[in-house]
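Work through the following exercises with the sequence and the structure open beside you. Each task is followed by a solution that proceeds step by step.

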Protein chains: 2
Amino acid sequence: VFSIKPLNSHNSAKIQQVIDSKTKPLGALGELEGLAKKLMLIQSQHGDLATTKLTISKPSILVFAADHGMAEQGISIAPSEVTRQMVLNFLHGGAAINCFCQSNHIAMKVIDAGINIPLTTTEKSVGEDFIEQRLGAGINDISKTSAMTEAQVEQGLLYGKKITTAVINQGCNILLLGEMGIGNTSAASAILVAYSQQSVEQCVGNGTGINSQQLSLKKQLIAQAVSRLDREQILADPYYVLKELAGFEIVQMVGAILAAAEQGIAVLIDGFIVTSAALVAVKINPNVRDYLIFAHQSNEHAHQLMLSMLEAKPLLNLGLRLGEGTGAALALPLVNAAASFYNDMASFESAGVTV
Amino acid sequence: VFSIKPLNSHNSAKIQQVIDSKTKPLGALGELEGLAKKLMLIQSQHGDLATTKLTISKPSILVFAADHGMAEQGISIAPSEVTRQMVLNFLHGGAAINCFCQSNHIAMKVIDAGINIPLTTTEKSVGEDFIEQRLGAGINDISKTSAMTEAQVEQGLLYGKKITTAVINQGCNILLLGEMGIGNTSAASAILVAYSQQSVEQCVGNGTGINSQQLSLKKQLIAQAVSRLDREQILADPYYVLKELAGFEIVQMVGAILAAAEQGIAVLIDGFIVTSAALVAVKINPNVRDYLIFAHQSNEHAHQLMLSMLEAKPLLNLGLRLGEGTGAALALPLVNAAASFYNDMASFESAGVTV
């Protein structure tokens with residue numbers, strides 16, 4: 001149902017020429033140059049390049065929250081209740097992601113994609129940017145059974161598309177994604193095991209800080225989860241992988257990523273869990289990759305493997321392991337800086353600088 | 001003449017307690033946590049911690065420009081004229097550093113520390129934030145003779161202190177440093193060779209992009225420069241190293257760093273050349289190190305060696321090799337983010353989140 005065009009590279013040489021005409025040695029702005037080029041390629045698909053400036057308009061983050069049945073087996077540092085408590089913390093403005101959105105001027109919406117216990121009417125009324133798109137009361141325990149039904153996968157993708165389309169209609173042209181869900185590094189790791197065919201040793205980490213006993217159990221349960229699956233079906237059908245292993249927040253993020261690419265805007269990918277959604281989105285439609293910017297490398301070691309499967313080198317590497325979209329929010333100023341130099345730096349000619 | 005106190009760590013445990021009470025897993029904000037702690041240690045030296053918030057007030061960058069006699073031997077991608085042309089570009093707002101200051105809300109001052117030909121009265125009148133603190137018309141060719149006199153070293157340190165004190169008096173509590181000077185990676189490399197006792201192979205790089213023939217000449221000239229020096233005097237007297245090898249912009253940056261530390265504010269160190277100034281400042285007074293934040297790792301490979309001598313791990317690693325303070329300007333949003341989470345994140349208790 002998603003129609004995503006690959007980026008047309010017909011403007012590529014002209015964009016590079018603009019970058020190379022700026023008053024700096026060739027390539028001296030490092031990764032910011034590739035970032036500016038990519039953004040300009042995305043934004044100039046249908047425009048006249050000569051009159052197009054890079055614009056960063058109403059950057060918005062969608063933070064999807066959901067619960068995970070497997071968390072009841074004690075494979076996280078905190079109980080499932082904390083997912084809901086953190087959603088309330090988001091609405092009251094007290095979480096790290098609130099601070100970084102504030103300091104970097106990012107609009108934030110919090111989505112209940114399926115936490116165990118929905119917010120009460122009073123609780124919801126606190127934040128105006130709360131959206132309820134529940135697919136259920138947390139996914140099933142994936143070590144035992146399918147995470148969700150096919151119908152839930154379909155509904156989740158549509159929910160992700162719906163909220164993304166809404167923020168784009170409000171003027172957003174760069175989408176940031178974040179998540180909250182006790183137990184969701186396990187779902188992300190299970191997706192990684194399924195696609196990478198690497199061992200659980202390679203694909204499973206400490207999450208936000210579990211001990212070695214919990215880690216050992218986590219690995220065992222993830223191995224169990226993936227062993228339920230049919231290998232040929234994994235490779236043939238990404239929706240099957242979502243149905244079997246994804247969280248409600250992950251499936252909605254997959255829908256959000258696909259919708260953003262379909263509508264031709266860039267998506268700033270956060271850490272381990274958001275990257276797992278990106279991995280599935282790219283399996284659904286490889287053209288999606290053209291629209292993705294990777295914000296940061298997580299402290300979760302398996303993130304490196306996931307990133308390499310997407311041939312991605314993130315902008316930041318600060319040892320973060322928090323989620324919520326904090327890495328994406330922290331990377332936004334680099335996106336703004338890339339736009340700023342592309343739009344406003346003088347050329348050698350205009351500045352009278354000797355080449 | 002600089003009286004610099006080491007940071008008193010009496011608040012350290014209390015600051016860590018504040019950070020650990022925030023609604024996030026322990027350590028989950030990675031390097032931002034250490035950054036917040038360091039800033040708070042600096043800012044709480046004389047304050048009551050309980051009522052002190054981290055403040056980032058009027059972040060200001062000083063961009064010091066000067067010329068280098070050795071550049072006449074053709075060891076850069078551009079001729080010395082470009083130093084002056086880029087100063088004019090700064091004043092007209094067309095350089096990369098202007099763009100990043102604009103996008104990250106940083107005040108910028110450009111200092112003529114000794115370019116070959118001073119600006120005319122008309123040229124100076126363009127930018128209101130131009131300061132003339134000339135030590136001469138470029139340093140001597142260091143491959144042949146001393147860079148400058150002892151009197152110039154002394155005057156340079158005082159000039160650096162003067163402008164730093166002025167911006168602090170205007171309300172700045174975080175100083176960013178940048179530079180422009182065709183040939184100045186050679187001076188920085190020479191300082192590195194002198195202090196590290198590593199080979200020119202280890203200490204000299206491509207700067208902003210010279211070819212292999214130029215690189216070979218550059219290495220030879222830097223080896224010549226350092227071979228003029230007395231090893232015991234290098235180790236005993238940092239002012240001697242400045243006199244023999246530093247650029248006018250480097251010596252003024254050493255003065256700026258010492259003055260900022262003396263007055264108890266943090267300094268955001270840019271790339272290879274600014275780091276060479278930091279290296280000398282720390283040799284003059286090791287207490288300076290407590291006030292330094294390293295913004296980015298340059299694409300110049302020897303920067304890694306220099307950083308390791310200062311036990312520094314920079315915030316960003318974006319393959320930049322431009323100078324001007326661009327890396328420092330790009331890192332400022334991370335400093336703001338660190339302050340934001342330290343000041344504004346809820347605690348587990350206040351947010352009602354289960355520990």
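**Exercise 1: A glycine in a loop**

Task: Decide whether Gly27(B) counts as buried, partly exposed or exposed.

Solution: The relative accessibility of Gly27(B) in this predicted model is 26%. Buried requires a value under 20% and exposed a value over 50%, with partly exposed in between, and therefore Gly27(B) counts as partly exposed. As for its place, Gly27(B) lies in the loop of chain B that runs between helix 1 (12–21) and helix 2 (31–43). When residues up to four places away in sequence are not counted, Gly27(B) touches Glu33(B) and, in the other chain, Arg321(A).

**Exercise 2: The contact between the chains**

Task: Describe how chain A and chain B meet, beginning with the area that they bury and ending with the kinds of residue found on the side of chain A.

Solution: Begin with the extent of the contact, to which chain A gives 49 residues and chain B gives 49 residues. Between them the two chains bury about 3600 Å², and 65% of this area is on carbon and sulfur atoms. Next, look for particular interactions across the interface: the rule finds 0 salt bridges, whereas it finds 14 residue pairs in polar contact, both residues being at pLDDT 80 or more. Then ask which elements of chain A take part with two or more residues on the side that touches chain B; these are helix 2 (31–43), helix 3 (81–92), helix 4 (96–104) and helix 15 (326–344). Helix 15 of chain A gives the most, with 8 residues. Finally, sort the residues on this side of chain A by kind, which yields 27 nonpolar, 16 polar and 6 charged.

**Exercise 3: A phenylalanine in helix 15**

Task: Find where Phe341(B) sits, and list the residues with which it is in contact, leaving aside neighbours within four places in sequence.

Solution: Phe341(B) belongs to helix 15 (residues 326–344) of chain B. Its relative accessible area is 0%, so Phe341(B) is buried. In chain A, Phe341(B) is in contact with Cys99(A) and Phe100(A), while in chain B its contacts are Ile19(B), Lys22(B), Lys24(B), Leu29(B), Leu32(B), Glu33(B) and Ala36(B).

**Exercise 4: Checking the length of a helix**

Task: Compare the span of helix 3 (residues 81–92) of chain B with the span expected at 1.5 Å a residue, and then consider how covered the helix is.

Solution: The expected span is 1.5 Å times one less than the number of residues, so the 12 residues of helix 3 of chain B should span 16 Å, and the 17 Å between its end C-alpha atoms agrees with this. Turning to accessibility, 10 of the 12 residues of helix 3 of chain B are buried, and the helix is thus mostly covered. Among the buried residues are Arg84(B), Met86(B) and Phe90(B). Just after this helix, Gly93(B) takes a positive phi of about 80°.

**Exercise 5: Helix 7 in the two chains**

Task: Determine how enclosed helix 7 of chain A is, and then examine Ser189(B) in helix 7 of chain B.

Solution: In chain A, 13 of the 13 residues of helix 7 are buried, so this helix is largely enclosed by the rest of the structure. Just after helix 7 of chain A comes Gln197(A), which takes a positive phi of about 60°. In chain B, helix 7 (residues 184–196) holds Ser189(B), which counts as buried because its relative accessibility is 0%. Not counting residues up to four places away in sequence, Ser189(B) touches Cys203(B), Val204(B), Gly205(B), Ile222(B) and Phe272(B).

Terms used. Residues are numbered from 1 along each chain as its sequence is written. Chains are lettered from A and ligands numbered from 1 in the order in which they are written. This is a predicted model: local features need pLDDT of at least 70, side-chain atom pairs count only at pLDDT 80 or more; totals for chains, interfaces and linings use all residues. Side-chain values use heavy atoms; hydrogens and water are left out. Contact means heavy atoms within 4.5 Å. Buried area is the accessible area (1.4 Å probe) that two parts lose on being put together, summed over both. A salt bridge is a side-chain nitrogen of Lys or Arg within 4 Å of a carboxyl oxygen of Asp or Glu. A polar contact is a pair of N or O atoms within 3.5 Å; within protein, one must be able to donate a hydrogen and the other to accept it, and residues adjacent in sequence count only if both atoms are side-chain atoms. Ala, Val, Leu, Ile, Met, Phe, Trp, Tyr, Cys and Pro count as nonpolar, Asp, Glu, Lys and Arg as charged, and the others, Gly among them, as polar. Buried means under 20% relative accessible area, exposed over 50%, partly exposed in between (1.4 Å probe, protein chains only).
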